[in-house]
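Here's a quick briefing to read alongside the model. Have the sequence and the 3D view open, and we'll go through a couple of residues, a sheet and the overall numbers.

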Amino acid sequence: RGHALNLPDGRTVVYPRGRPGSQWGYTVMSRGAGASGPEDTVAGPWPPGRLIAESEIAPSGAQVVRTMLPGGLDRDLWGRRDGRSPFFKVAADSGVQERAVRFSPDGQWVSFVSDFTRTEEVYVQPFPGGGRLQVSVNGGREPAWSRDGRALYYRALDGWMMEVPVDGALPNFGQPRRLFDATAYASNPFFVSYDVGPDGRFLMW
């Protein structure tokens, strides 16, 4: 259950799997992409007292997870610099839901959705820490980076796919522009339900 992630090595898939007898408990697992080998448990320790619902891993091995309390409440983002270091809060505002996290291709930024303004918007912020920047306008969900890091895509609340140009080493985020109407394709308020290939084509269902 939950969002599956292909690691940069091209040979491993990481995914959260429900714990037996638990509606909300998840264990982060990994398996060879050929699905021929056994499952392995991704090492913790995990944020105390919280359940894991989503995991994102950068090329450097840094990790961000979406956590929640039992019952699906209080969704927050926690990160760690590698697979052995302790977790710290990335986006965990009280009474706010943060979700749909993605690393930039260079692992220096994370994008995510937050209802901090009581409207779902797409934000970016440096990893492991720094000030956040709102990049969506009038609401947004499901952010995903282009493979070269020069664009950030998201779904507007009316279902259209949007593109935000990304320029420079800082980087600078431009104004969103409408790409196409994606209302005919599946969407999800909690994680990104599409992908963008190296040639810029979208994989949707």
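Let's start with Q63: setting aside neighbours within four places in sequence, Q63 is in contact with W46, S55, E56, I57, W78, G79, R80, F87, F103 and F127. Keep in mind that this is a predicted model.

**Q63 and its surroundings**

- Q63 sits in strand β6, which covers residues 63–69.
- Is Q63 buried or exposed? Its relative accessibility is 3%, so Q63 counts as buried.
- One of the residues Q63 touches is R80, and here the two side chains make a polar contact at 2.8 Å.
- Several aromatic names turn up in the Q63 contact list, including W46, W78, F87, F103 and F127.

**The four-stranded sheet**

- Further along the chain there's an open sheet of four strands, running in the order β9-β10-β11-β12 with antiparallel pairing.
- Why do β9 and β12 each have one side without a neighbour in the sheet? Both β9 (98–103) and β12 (133–134) stand at the edges with a single partner strand apiece, so one side of each is left free of a sheet neighbour.
- In the middle of that order, β10 (residues 109–114) and β11 (residues 121–126) pair in the antiparallel sense over six bridges.
- Looking across that pair, W109 stands opposite P126 in β11.

**S104, in the loop between β9 and β10**

- S104 is found in the loop that links β9 and β10.
- With a relative accessibility of 4%, S104 is under the 20% cut-off and therefore counts as buried.
- What does the S104 side chain reach? It gets to the backbone nitrogen of Q108, at 3.4 Å.
- There's also a polar contact of 2.6 Å between the side chains of S104 and D106.
- Not counting residues up to four places away in sequence, S104 touches W109 and W145.
- That ties the loop back to the sheet pair above, as W109 is the residue standing opposite P126.

**The protein as a whole**

- How many helices and strands are there? The count comes to zero helices and 19 strands.
- The protein has 205 residues, and 49% of them count as buried.
- Among contacts between residues at least 6 apart in sequence, 33% join residues at least 24 apart.
- The accessible surface comes to about 10,200 Å², with 52% of that belonging to carbon and sulfur atoms.

Notes. Residues are numbered from 1 along each chain as its sequence is written. This is a predicted model: local features need pLDDT of at least 70, side-chain atom pairs count only at pLDDT 80 or more; totals for chains, interfaces and linings use all residues. Side-chain values use heavy atoms; hydrogens and water are left out. Two strands pair if DSSP finds at least two bridges between them. Helices (H or I, at least four residues) and strands (E, at least two) are DSSP runs, numbered from the N terminus. Buried means under 20% relative accessible area, exposed over 50%, partly exposed in between (1.4 Å probe, protein chains only). A polar contact is a pair of N or O atoms within 3.5 Å; within protein, one must be able to donate a hydrogen and the other to accept it, and residues adjacent in sequence count only if both atoms are side-chain atoms. Contact means heavy atoms within 4.5 Å. Accessible areas come from the Shrake-Rupley method with a 1.4 Å probe; for residues, only the protein chains shown count as cover.
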